[in-house]
Amino acid sequence: MTVTLADVAARARVSPATVSRVLNGNYPVAASTRERVLRAVDDLDYVLNGPASSLAAATSDLVGILVNDIADPFFGIMAGAAQTQIGGPGDGSGRAGGEKLAVICNTGGSPERELTYLTLLQRQRAAAVVLTGGAVENPEHQAAMAAKLAKLADAGTRIVFCGRPPLPEGDALVAALAFDNRGGGRRLTEHLISLGHRRIGYVAGPPERTTTRHRLEGHREALRAAGLDASPGGGGPAGGSGDQAADDDRLVVHGPYDRRSGYEATLELLRRAPDVTAIVAANDTVALGACAAVRDQGMRIPQDISVAGFDDLPFSVDAVPALTTVRLPLFEAGARAGRLAMGKENPPPGGIATIAAELMIRGSTAAPRG
């Protein structure tokens, strides 16, 4: 049932005129009253309609792009590419040639902010929403996301995931473009094993993120195939002991997807296992921090220790030595997400597409000494 302005007024114990004044911001209202009205709006999930038809018409040209961190090239490249399709020349079907206004919503990695932005975009009657990057693997948050996206879809908003897998439940998506993080992680570690590395440290991302889990799973798949993984539940080498499993745990350190985390986690990794001959980083930014930590310990890359990243961000080829990494087609994926959001491209079969990852071998990896 559609929630009306009168329902909000009744919930907040004010007149409909007061609700209108709070939402339009064109008349002074006591702070306590304003807070009560906004709480009622949130509780009832109210969306402007009716007399606000002019506002609804204006905001139908809005597309929201949610990112964890716009300063991170991983998200900036995808968001920029999507915007080229959203804000570019349209098909002449709407005002100004059918273009839309793309708004970047920076969540800072907060699940709460992600839901808040979706609520705000729902109230603005967004034409489409593009959600980028890995998702938080929390059942409560996933259920809240599925419910919120269903409401958006019911109101006519097109939902596209870019760089993240679909939710376990919920069919509100136009499409989900998921990177093959697991396959990329496996091929990267297979490369290091082929060079002769047997003690490989891993600087992982936040444990609650899908991207982290999938890349680490690929890494461990390669180790298991080579008879090197003794992680808990990993089906390690036959006869593997609890000591072996504990040793594997020492070879993985989790942290945020930033340079500082890469630096600090690598120091911790080297303290735990000073005999490692290679380090795999959660992404290229983390790998830069790892490289700095290795050098600060008086070691050379790759002569003393190999370092590898993930994503193939623009700076990775200019690192010294150039960074071995896994290339994700970020611009291509972002542009495709933008086309899907605008209805310029048909969704993939079943609504889900897995985008391949490509191993880029460069100078930061080599055979271990001795």
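## A walk through the fold

Let's start at Asp69: apart from its neighbours within four places in sequence, Asp69 is in contact with Phe75 and Asn106, where contact means heavy atoms within 4.5 Å. Asp69 is found in the loop between strand 1 (62-67) and helix 5. Is Asp69 buried or exposed, or something in between? Asp69 is partly exposed, with a relative accessible area of 35%; buried means under 20%, exposed over 50%, and partly exposed in between, using a 1.4 Å probe and protein chains only. Asp69 and Gly109 are 40 residues apart in sequence, yet 7.2 Å apart in space, C-alpha to C-alpha.

Before going on, keep in mind that this is a predicted model, where local features need pLDDT of at least 70, side-chain atom pairs count only at pLDDT 80 or more, and totals for chains, interfaces and linings use all residues. Residues are numbered from 1 along each chain as its sequence is written, and side-chain values use heavy atoms, with hydrogens and water left out.

Now step back to the whole chain. The protein chain has 13 helices and twelve strands; these are DSSP runs numbered from the N terminus, with helices being H or I of at least four residues and strands being E of at least two. Of the 370 residues in the protein chain, 49% are buried. Among contacts between residues at least 6 apart in sequence, 71% join residues at least 24 apart.

What about the inside? In soluble globular proteins, nonpolar side chains tend to be buried together. Here, the largest nonpolar core has 45 residues, and those with the most contacts inside it are Ile65, Phe74 and Phe179. A nonpolar core is a set of buried Ala, Val, Leu, Ile, Met, Phe, Trp, Tyr and Cys residues joined through side-chain atoms within 4.5 Å. Which residues does Ile65 contact, leaving aside its neighbours within four places in sequence? Among them are Ala79, Ala82, Ile86, Val103, Cys105 and Val130. There is also a second, separate core of 20 residues, which includes Val203, Ile279, Ala287 and Leu323.

Phe74 also turns up in a helix pair, so to speak, and helix pairs have their own vocabulary. Two packed helices are described by the angle between their axes and the distance between the axes. The axes of helix 5 (residues 73-86) and helix 13 (residues 330-342) come within 7 Å and cross at roughly 40 degrees. Axes are lines fitted to C-alpha atoms, for helices over the stretch in contact, and angles run from 0 to 180 degrees between N-to-C directions. Helix 5 and helix 13 are therefore oblique to each other; angles under 35 degrees count as roughly parallel, over 145 as roughly antiparallel, 65 to 115 as roughly perpendicular and the rest as oblique. Helix 5 passes helix 13 in a right-handed crossing, meaning that the near helix is turned clockwise from the far one by less than a right angle, while anticlockwise would be left-handed. On the helix 5 side, the residues include Phe74, Ile77 and Ala81, and they meet helix 13 residues including Leu330, Phe331 and Gly334. By class, that contact has ten nonpolar, three polar and one charged residues. For these classes, Ala, Val, Leu, Ile, Met, Phe, Trp, Tyr, Cys and Pro count as nonpolar, Asp, Glu, Lys and Arg as charged, and the others, Gly among them, as polar.

Another pair is helix 11 (residues 259-272) with helix 12 (residues 284-296), packed at an angle of about 45 degrees with their axes 6 Å apart. That makes helix 11 oblique to helix 12, and their crossing is right-handed. Tyr263 and Leu267 of helix 11 are among the residues making the contact, as are Val286 and Ala290 of helix 12. By class, this contact has eight nonpolar, four polar and two charged residues.

Finally, look at some loops. After helix 12, Pro302 is found in the loop leading to strand 9 (306-308), and the peptide bond from Ile301 to Pro302 is cis, with omega near 5 degrees. Pro321 is found in the loop between strand 9 and strand 10 (325-327), and a cis peptide bond joins Val320 and Pro321, with omega about -5 degrees. Asp311 is found in the loop between strand 9 and strand 10, and its phi is near 115 degrees, a positive value in a residue other than glycine. Asp311 is buried, with a relative accessible area of 2%.
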